[in-house]
Amino acid sequence: MARNYKHLTTQERAVVMTMRDDLCSIRSIAKRLCRSASTIGREIKRTADTGLYDANRAHLQCLTRRTTPRRLPKLHADSILLEVVRHQLKLLWSPQKIARKLRLLWPNTPEKTVSHETIYNAIYLHPRGELKRELIACLRHHNQVRKPRSRGTDRRGQIPDMQSIHIRPPEIEDRIIPGHWEGDLIKGAGNRSSVGTLVERTTGFVVRAKMDNATTKAVVHSFFAVLNREPAAMRKTMTYDQGREMHGHKILTERTGVQIYFADPHSPWQRGSNENTNGLLRQYMPKGSDLSIYSQDELDAIALSLNSRPRARLGFESPLVVYTQQIAPPSQVTIGHDGWLYLGDQYEQTLTLTVTRRGSIPADVEAARKIALATAGWEQWLASQGVQAFYIVLGPNKDSVYGEWHLAGRKRSSHRLPIPSSLA
């Protein structure tokens, strides 16, 4: 707590003079007057030219020092420098630019330069009136009161047991091993609606989650629902910002097995994939729109469209294809003697498709997503097996999967296509 400093009075100076004549120490005098020893030491030093401390002489010197004018600030009301600063502010220069320009013009003349903090102080400490309003109007944000530069620690609703991004396993940074995600919320008009976004770091695969609101309970439930649609091998970690909606991160980890790490405050570059993808998603959902009107199926359709777009960092392959290859590489796909396409040894669960014509679009968005995930990585392998065309669409029934392809030198065939149990 700050102390109110008071000058020594005439009576206190008399006590100092009497005790010095009695050869008392500075600390004993300070203790007697309940003053700091440094205060007494400075007082004696000011009149030490005669060798003896004189209370009357010391008091006269104090009065003289009070009447001596202090050095005027650089930007006082009548200074030419203030007029220069006002002129440049009217040109809409920021205080930082003004200070830097003055330093470049007069690098060796301190009286003609000023810091940007001094300019801000001259504006905001100026008495109320037309001049102050004029200067504030020249600033970019026109704030009537300047916000403090150091705001301290925000202690509202701190997230318990946070795992910092700095202890995250180093292999996550290299983007070699899949299954590591970045998460965030995008907000609608007036921050009244939200949509969760998840991006897989290696493939850029996007998953979207509908949110009823931005509360901890809603966020945990929505991310739990969409994460558990993905294979367990693709659910390793998630990097999130320090938004308070992730207060229940330990519950989400228990339900999904995803370890959550938190980026540093105000460091969006630590989740660059997610920030870039949010920008792409704004092409479908512009800023200022109401996000609550979108259903989960519509969000999945938007994600499917984005995942089908080629990406430069993937060699202009789509995230959907690369993600599928990570789940089940094409080398695991074989054609059995019974005509089945086998994806490893997972062929138990199937989803109905009937081939009708190329380019048909399934009405069931979730079914389309599963089919695309299961087949997008097979195209190159099928071509190497002599397959000239491969078509697949959603059929009216839902108890088996049918695909149609043309093998070189053979007639058209129709066979069942298994969907991995992790995707069904």
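## Exercises on a five-stranded sheet

Strand E4, covering residues 237–240, and strand E5 pair in the parallel sense over 4 bridges, where helices (H or I, at least four residues) and strands (E, at least two) are DSSP runs numbered from the N terminus, and two strands pair if DSSP finds at least two bridges between them. The model is predicted, so that local features need pLDDT of at least 70 and side-chain atom pairs count only at pLDDT 80 or more, while totals for chains, interfaces and linings use all residues. Residues are numbered from 1 along each chain as its sequence is written, and side-chain values use heavy atoms, with hydrogens and water left out.

**Exercise 1. Find which residue of E5 stands opposite Thr-239, and then place E4 and E5 in the sheet.**

Step 1. Opposite Thr-239 stands Tyr-261 in E5.
Step 2. The open sheet is formed by 5 strands in the order E3-E2-E1-E4-E5, with mixed pairing.
Step 3. Strand E3 (206–210) and strand E5 (259–262) are the edge strands, each of which pairs on one side only.

**Exercise 2. Describe how E1 pairs with E2 and with E4, and state how many of the residues of E1 are buried.**

Step 1. E1 and E2 run antiparallel and are joined by 7 bridges, with Asp-184 standing opposite Thr-197 in E2.
Step 2. The hairpin of E1 and E2 has 6 residues between the strands, and in this hairpin Gly-190 takes a positive phi near 65°.
Step 3. E1 and E4 pair in the parallel sense over 3 bridges, and His-180 stands opposite Thr-237 in E4.
Step 4. Of the 8 residues of E1, 7 are buried, so E1 is largely enclosed by the rest of the structure; buried means under 20% relative accessible area, exposed over 50%, and partly exposed in between, with a 1.4 Å probe and protein chains only.

**Exercise 3. State the mean pLDDT of the protein chain, and examine residues 329–365 and 388–424.**

Step 1. The protein chain has a mean pLDDT of 76, and 73% of its residues reach 70 or more, pLDDT being the predictor's confidence in each residue, from 0 to 100.
Step 2. Over residues 329–365 the pLDDT is below 50, and this stretch has 96 contacts in the model beyond near neighbours in sequence, a contact meaning heavy atoms within 4.5 Å.
Step 3. Over residues 388–424 the pLDDT is likewise below 50, and this stretch has 121 contacts beyond near neighbours in sequence.
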